[in-house]
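Trainee: I am new to reading models of this kind, and I would like to go through one feature by feature. Could you give me the general idea each time and then show me the case in front of us?

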Amino acid sequence: MQMTMRWFGAGGDSVTLEQIRQVSGVTGVVASLYKVPVGTIWEKAEILGLQREVENAGLTLAGIESLGIHDSIKTGSPEREQYLDNYIISLERLGEAGIRLICYNFMPVFDWIRSDLAKIRNDGATAMSYEQKIIDQSDPYTLSASMNRQSNGYALAGWEPERLHKLDELLEKYQGIDEEQLFANLAYFLERIMPTCEKYQIKMAIHPDDPPWSVFGLPRIITGKDNLLRLIKLADRPFNGVTLCTGSLGSNPGNDIPDIIHALKGRIHFVHVRNVRHTAPGNFEECAHFSGDGSLDMFKIMKTLYNNGFDGPIRPDHGRAIWGEIAMPGYGLYDRALGASYLIGLWEAIEKIGDIKCV
Ligand code: DNO
């Protein structure tokens, strides 16, 4: 297991690589070329520049989060061939640079969705939360404006204003795309990229939909065990895998995370670990990582990963905003560093306990 943190790049993040380097046990970051619009071919020099910057700080670039998928690929429109070619060229360049892990998602239009990016908690910290009623009373335009207003001035990954200013056009493209069609388009994408992934040994790790249910009538398919198994079968090859995001999947209380880990054995290539608290059906609040603060059993999750032989990169996921830190919502240094330390502690204990059967 390699403990990593997400880094949004110099100028795009309040957290520096030097700070990440000082979180004990963290040896790598996952990052992206955030300024490159989704669909554009990645320049080799920029990939190498990012890698050099990370390595100069004493860390490794453990993977790319994310290499975004253009909406034409998700909707299966005729321009997708061009965008698939672009994606493959970017993959080849990443592969040549030694990158072996790509996190991506197949969510239509929006990435992760929250109704509140700074809900005040009992401990005085703030955290992101989701209330279905607020979303139902909203619309994609109001929500997108509200998310960006609450971003503390940072560009939120997946909510790029330049992409969302064409929201009408984008939503229009998804007319008539249902879950079956989205699965078919995902299958086509995987079929096209798998030979390149195999050539360069690049593990593709799809991120679950967050939250894992349909929002604004748009289809969402990476939602739980059955659909994850279906995704695996779309291209039943080792490089077609999953980012197990405990918080995204776990916001649906019906998703049993340890059971999903067992079911996906060998196909979990990357893990985002965070806890989440279920507050009412369809509602949840983000919280501190440790089990006592939320609804998930973090020990059991880590133990199940260990038992199933997981040995890839893990990262703490969204944290609370604590100690007065102003950062991109969910991505401050302090609570994620606490989260990383907690997860490293769990892992050390699990490794030392070895085979004692407690889960
Ligand atoms: C949110 C993240 C997601 C994730 C993408 C992967 O904080 O977990 O934005 O990076 O969905 O493509």
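Mentor: Let us begin with Trp-323, which counts as exposed because its relative accessible area is 63%. The general idea is that a residue is called buried under 20% relative accessible area, exposed over 50% and partly exposed in between, with a 1.4 Å probe and only the protein chains considered. Please keep in mind that this is a predicted model, in which local features need pLDDT of at least 70 and side-chain atom pairs count only at pLDDT 80 or more, while totals for chains, interfaces and linings use all residues. Residues are numbered from 1 along each chain as its sequence is written, and side-chain values use heavy atoms, leaving out hydrogens and water.

Trainee: Where does Trp-323 lie, and what is its phi?

Mentor: Trp-323 sits in the loop between strand E12 (313–316) and helix H14 (334–353), where helices (H or I, at least four residues) and strands (E, at least two) are DSSP runs numbered from the N terminus. Most residues other than glycine have a negative phi, and most peptide bonds are trans. Trp-323, however, has a positive phi near 55°. Val-109 also has a positive phi without being a glycine, at about 60°, and Val-109 belongs to the loop between E4 and strand E5 (116–120). Val-109 is buried, because its relative accessible area is 1%.

Trainee: Which residues does a cis peptide bond join?

Mentor: One cis bond joins Glu-65 and Ser-66, with omega about 0°, and Ser-66 is in the loop between E3 and helix H3 (71–75). Another cis bond joins Asp-210 and Pro-211, again with omega about 0°, and Pro-211 lies in the loop between strand E7 (203–207) and helix H10 (225–234).

Trainee: Which residues come nearest to the ligand?

Mentor: A residue is near a molecule or strand if one of its heavy atoms lies within 4 Å of it. Here there are 14 residues around the ligand, and Glu-65, Ser-66, Asn-105, His-318 and Tyr-331 come nearest. By class, this shell holds 5 nonpolar, 5 polar and 4 charged residues, where Ala, Val, Leu, Ile, Met, Phe, Trp, Tyr, Cys and Pro count as nonpolar, Asp, Glu, Lys and Arg as charged, and the others, including Gly, as polar. Strand E4 (residues 101–105) gives the most to the shell, with 3 residues.

Trainee: How should I read the polar contacts, and how much of the ligand does the protein bury?

Mentor: A polar contact is a pair of N or O atoms within 3.5 Å; within protein, one must be able to donate a hydrogen and the other to accept it, and residues adjacent in sequence count only if both atoms are side-chain atoms. In the side chain of His-318, an N or O atom is 2.5 Å from an oxygen atom of the ligand, while polar side-chain atoms of Asn-105 and His-207 lie 2.9 Å and 3.2 Å from a ligand oxygen atom. Taken alone, the ligand exposes 330 Å², and the protein buries 99% of that; such areas come from the Shrake-Rupley method with a 1.4 Å probe, and for residues only the protein chains shown count as cover.

Trainee: Why is strand E2 largely enclosed, and which strands does it pair with?

Mentor: Strand E2 (residues 26–31) is largely enclosed by the rest of the structure because 5 of its 6 residues are buried. Two strands pair if DSSP finds at least two bridges between them. Strand E1 (residues 2–6) and E2 run parallel and are joined by 4 bridges, with Met-3 opposite Val-26 in E2. E2 and strand E3 (residues 60–65) are also parallel, over 4 bridges, and the partner of Gly-28 in E3 is Thr-60. From E2 the chain passes through helix H2 (residues 44–56) to E3 in a right-handed β-α-β crossover, which means that, with the strands pointing away from the viewer, the path from the first strand over the helix to the second runs clockwise.

Trainee: Are the faces of strand E11 covered or open?

Mentor: Both faces are covered, since Asn-283 and Glu-285 on one side and Phe-284 and Glu-286 on the other are all buried. E11 pairs in the antiparallel sense with strand E10 (residues 276–280) over 4 bridges, and Arg-277 stands opposite Glu-285.
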